[in-house]
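Good morning, colleagues. Please take a moment with the sequence and the structure on the screen before I begin.

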Number of protein chains: 2
Amino acid sequence: MNIGEVAERSGIPTKTIRYYEDIGFLHPKRNENGYRIFEETELHKLTFIGRARSLGFNIEECRALLALYEDKERGSSDVKKIAQQHVKEIEAKIADLIAMRDTLTHLITACAGDHRPDCPILDNLSNGKGEPR
Amino acid sequence: MNIGEVAERSGIPTKTIRYYEDIGFLHPKRNENGYRIFEETELHKLTFIGRARSLGFNIEECRALLALYEDKERGSSDVKKIAQQHVKEIEAKIADLIAMRDTLTHLITACAGDHRPDCPILDNLSNGKGEPR
DNA sequence: TCTTGACCTTCCAGTGGCTGGAACCCTTAG
DNA sequence: CTAAGGGTTCCAGCCACTGGAAGGTCAAGA
């Protein structure tokens, strides 16, 4: 399988696949003209990484998950730990974003949004007032 | 005022302040030994940017907000538009993160997390099953 | 006077995870 | 023969900083 087909079937762009090879996720063979040849297992690996990335795992976490996946002896507790830690981080981000959104929607509500120059949003940015923080 | 004091009073690291000068946010004067000298207005500007950044506005948005802030003729509607657009983006991110979290917590619940190798989390990453998507 | 240490300066490189582009090679169809 | 559509490498850029090296400046203390 050439890189184009793998890209299509895995949903991961060719550029990214080459990058993943660079950082050691894959080691596709080459044929005599230098083209990468992918096996089904490599496609499978890529799909795995793609799903993990879409769940927000970073590259190093993907590496760890992949290693655990390929280690048939591992228990599931290691995986669970990684996932739980990741959920914590996601929840922290969600909390941050919600705080931002709430502050902003508050300010937006207070802002007339017309031709007049008074603007609680700018006032808040300027002097930190108009919104408890 | 030297950069160190500005950093302390604004809560923005010196490195970042120099970077902000690089990208044209500030134009502090220099004294004869080459040190930057900051006025109160520059400190104020930095604090403004810091607050905008902490609300998740990116650099270009900060630039726009600053320009609007310094334009005494502007109406508040431009500011409101920027802020509303920004809230939309934040909400999209929140939705993404919540979807991730929900998928993950689902998988975590299903994962025994013990010495046994069965792991719904890895199964899902591997074959996309075990969780509606 | 000398030294120490805390400042300050510039410049270069790295972060994460790609992504775009240039310049080139290979294969197949018309 | 040519053109299109693969493939290859390598280098640069994105965002918003951040770290570090190498050096200049200044005030206080021995």
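Which helices each supply at least two residues of the surface near DNA strand D? In this predicted model, they are helix 1 (3-10) and helix 2 (14-22) of chain A, together with helix 2 (14-22) of chain B. Both protein chains therefore enter the account of this strand, taking a residue as near when one of its heavy atoms lies within 4 Å. The largest share of that surface is four residues, and helix 2 of chain B provides it.

Let me stay with DNA strand D. It is surrounded by 19 residues, and the closest are A:G4, A:R36, B:K15, B:Y20 and B:N58. By class, the surface near this strand consists of seven nonpolar, six polar and six charged residues. Turning to the DNA side, I consider the atoms of strand D within 4 Å of the protein: 66% belong to sugar or phosphate, and the rest belong to bases.

Three arginines of chain A illustrate the phosphate contacts of DNA strand D. The side chain of A:R36 places an N or O atom 2.8 Å from a phosphate oxygen of the strand. For A:R18, a polar side-chain atom lies 3.0 Å from a phosphate oxygen of DNA strand D. For A:R30, the corresponding distance to a phosphate oxygen of DNA strand D is 3.3 Å.

I now move to the other strand. Which residues come nearest to DNA strand C? Of the 19 residues around it, they are A:K15, A:Y20, A:R53, B:G4 and B:R36. Sugar and phosphate make up 69% of the atoms of DNA strand C that come within 4 Å of the protein.

Here the elements that each supply at least two residues of the surface are helix 2 of chain A, together with helix 1 (3-10) and helix 2 of chain B. Helix 2 of chain A gives the most, with four residues. The surface near DNA strand C contains seven nonpolar, six polar and six charged residues.

For specific contacts with DNA strand C, chain A offers two examples. A polar side-chain atom of A:T16 is 3.2 Å from a phosphate oxygen of the strand, and a polar side-chain atom of A:N33 is 3.4 Å from a phosphate oxygen of the strand.

From chain B, the residue to examine is B:R36. An N or O atom of its side chain is 2.7 Å from a phosphate oxygen of DNA strand C. B:R36 belongs to strand 2 (residues 36-37) of chain B. Its side chain also makes a polar contact with the side chain of B:E21, at 2.4 Å. Setting aside neighbours within four places in sequence, B:R36 is in contact with several residues, among them B:M1, B:N2, B:I3, B:R18 and B:P28.

The next topic is how the two protein chains meet. The size of an interface is often expressed as the accessible area that is lost when the parts come together. Chain B and chain A bury about 4400 Å² between them, with 72% of it on carbon and sulfur atoms. In terms of residues, 52 of chain B are in contact with 52 of chain A.

How many salt bridges does the rule find across the interface of chain B and chain A? It finds two. In one of these, the side chains of B:E91 and A:R101 meet with an N to O distance of 3.6 Å. Between chain B and chain A, 21 residue pairs are in polar contact, with both residues at pLDDT 80 or more.

On the side of chain B that touches chain A, helix 3 (40-54), helix 4 (59-70), helix 5 (77-110) and helix 6 (120-127) each supply at least two residues. Helix 5 of chain B gives the most, with 19 residues. This side of chain B divides into 24 nonpolar, 17 polar and 11 charged residues.

Finally, I turn to the fold and dimensions of chain A. Chain A has six helices and two strands, and along the sequence they follow the pattern α-α-β-β-α-α-α-α. The radius of gyration of chain A is 23 Å, whereas a compact globule of 133 residues would have one near 14 Å. The C-alpha trace of chain A spans about 70 × 40 × 20 Å along its principal axes.

Thank you for your attention.

Notes: Residues numbered from 1 in each chain as written. Chains lettered and ligands numbered in written order. Heavy atoms only, no water. Polar contact = N/O pair within 3.5 Å; in protein donor to acceptor, adjacent residues only side chain to side chain. Nonpolar A, V, L, I, M, F, W, Y, C, P; charged D, E, K, R; others polar. Contact = heavy atoms within 4.5 Å. Buried area = accessible area lost by both parts, 1.4 Å probe. Salt bridge = Lys/Arg side-chain N within 4 Å of Asp/Glu carboxyl O. Rg over C-alpha atoms; globule rule 2.2 N^0.38 Å.
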